[in-house]
Amino acid sequence: MSTAGKPRVLLMHPILDPGPAILAEAADVIPYSPDLPLDEAYIRQAAEGCVGIVSQLMDPIREAVLSTPGLKIVSNVAVGFDNIDVAAATGHKVMVTNTPGVLDDSTSDFAFTLLMATARRVVEADYFTRQGKFRGWAIDMMLGTDVYGATLGIIGIGRIGRGVAHRAKGFNMRVLYYDPNPLTPEAEQQLGATRVDLARLLVESDFVSVHVPLTPETQHMLSTQQFDQMKRSAILINTSRGPVIDEAALVAALDAKKLAGAGLDVYEREPAVHPGLIRMPNVVLAPHIASATTRTRSEMSAMAARNMATAVRGGRPPNLLNPEVKK
Ligand code: DGY
């Protein structure tokens, strides 16, 4: 407890309005020093005496942190929670929450943005034009890949995968998906999506877009063998988590022209980006901003703050990932 009498909550990074006000009503908020490394030992020290931690995806929240005496909840400001060891949290009876739903549209929009930008070489064209290289129309200048009517392979048909499929309808795309959990026949019909195995998806797709969480099963699910199966004209899009793709293998495949390009928002060792990707003009790179719209980030902040406030007041937060901790 703080001197103000409210329970203490560690805020790892600033969040957007109305998040801070929601938190401040329920707790005494202690900001993590931006000068400290995002390292478990330091986070553990900062969390001493706190009942909650508001974390973000770059914060490692594992055993050392989760075993802090008195810790009751970790509220992650993200839908992904691979930065948190949920099993260890459950073992220590610490609740873990995330922010599902509010970022589906912005993330689906951005996956499509990367797809279009890579297919039609938008970033390269912008750079070319700014450099004063546009000296007149030419029939063979900046030739790209058609999107309208092409085949899109979606790996992972959760909320964001479905959002991408929905957008693809407007581009008259043939949509294939791979997911261990099939959609209902009605949902498949409504989205115009056909379930196939991964090999068929890779062989037949002009664009492959990845929408799976990072788990031990999905880590490096796309590597040399999978790139070998893809069309040489294919473009790979990733807005999920970097380690789902074996980045070194991707660079080798692009170098060997086994793929035509890639649009990436996430990386294996963020914030580091493989130098091989940086030098490739056929790769569009973004700094993990798929959910970065003002509305979405503010809703994520509010949701994470509400999860925390509810737990701090003794309630069951709405987006609880380990319900066994709080009956
Ligand atoms: C998430 O929420 O997991 C995204 O990667 C960031 O919005």
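# Briefing: strands, cores and one aromatic pair

All five residues of strand 6 (residues 151-155) are buried, so this strand is largely enclosed by the rest of the structure. The model is a predicted one. The points below start from strand 6, then take up an open sheet, the nonpolar cores and an aromatic pair.

**Strand 6 and its partners**

- Both faces of strand 6 are covered. T151, G153 and I155 are buried on one side. L152 and I154 are buried on the other.
- In a regular strand, side chains alternate between the two faces of the sheet.
- Strand 6 runs parallel to strand 7, and five bridges join the two.
- One residue match in this pairing is L152 with V175, its bridge partner in strand 7.
- Strand 6 also pairs with strand 9, in the parallel sense, over four bridges.
- Here I155 has V210 of strand 9 as its bridge partner.
- Strand 6, helix 7 and strand 7 form a β-α-β unit, and the unit is right-handed.

**The open sheet of five strands**

- Five strands make an open sheet in the order 2-1-3-4-5, with parallel pairing.
- The edges are strand 2 (28-31) and strand 5 (95-97). Each has a single partner strand, so one side of each lacks a neighbour in the sheet.
- From one strand to the next, the twist averages 20°.
- Strand 1 (residues 8-11) pairs with strand 3 (residues 52-55) over three bridges, in the parallel sense.
- L10 has I53 as its bridge partner in strand 3.
- D28 sits in strand 2.
- The relative accessibility of D28 is 23%, which makes D28 partly exposed, because buried means under 20% and exposed means over 50%.
- D28 and K6 are 22 residues apart in sequence, yet their C-alpha atoms are 5.5 Å apart in space.

**Nonpolar cores**

- In soluble globular proteins, nonpolar side chains tend to be buried together.
- The largest nonpolar core here has 29 residues. L222, F227, L236 and L250 have the most contacts inside this core.
- Four elements give two or more residues to this core: helix 9 (198-204), strand 9 (207-210), helix 11 (247-255) and strand 11 (261-264).
- Helix 11 supplies the largest share, five residues.
- A second, separate core has 28 residues, among them A111, A117, A168 and I237.
- Which residues does F227 touch, not counting residues up to four places away in sequence? They are L222, L236, I245, D246, A249, L250, A253, K258 and L259.

**The aromatic pair**

- A pair of aromatic rings is described by the distance of the centres and the angle of the planes.
- One aromatic pair turns up in a search of the whole structure.
- The pair is F112 with F171: the ring centres are 5.1 Å apart and the planes stand at 35°, so the pair is tilted.
- F112 belongs to helix 5 (residues 104-119), and F171 to the loop between helix 7 (159-169) and strand 7 (174-178). The pair therefore ties together parts that are 59 residues apart in sequence.
- Is each ring's residue buried or partly exposed? F112 is buried, with a relative accessible area of 6%. F171 is partly exposed, with a relative accessible area of 27%.

Definitions and conventions. Residues numbered from 1 in each chain as written. Predicted model: local features only at pLDDT ≥ 70, side-chain atom pairs only at ≥ 80, totals over all residues. Heavy atoms only, no water. Core = buried A, V, L, I, M, F, W, Y, C linked by side-chain atoms within 4.5 Å. Buried < 20%, exposed > 50% of the residue type's maximum accessible area, 1.4 Å probe, protein only. Contact = heavy atoms within 4.5 Å. Phe/Tyr/Trp six-rings, centres within 6.5 Å; stacked < 30°, edge-to-face > 60°. Pairing = 2+ DSSP bridges. Axes fitted to C-alpha atoms, helices over the stretch in contact; angles between N-to-C directions. Right-handed = clockwise from strand over helix to strand, strands pointing away.
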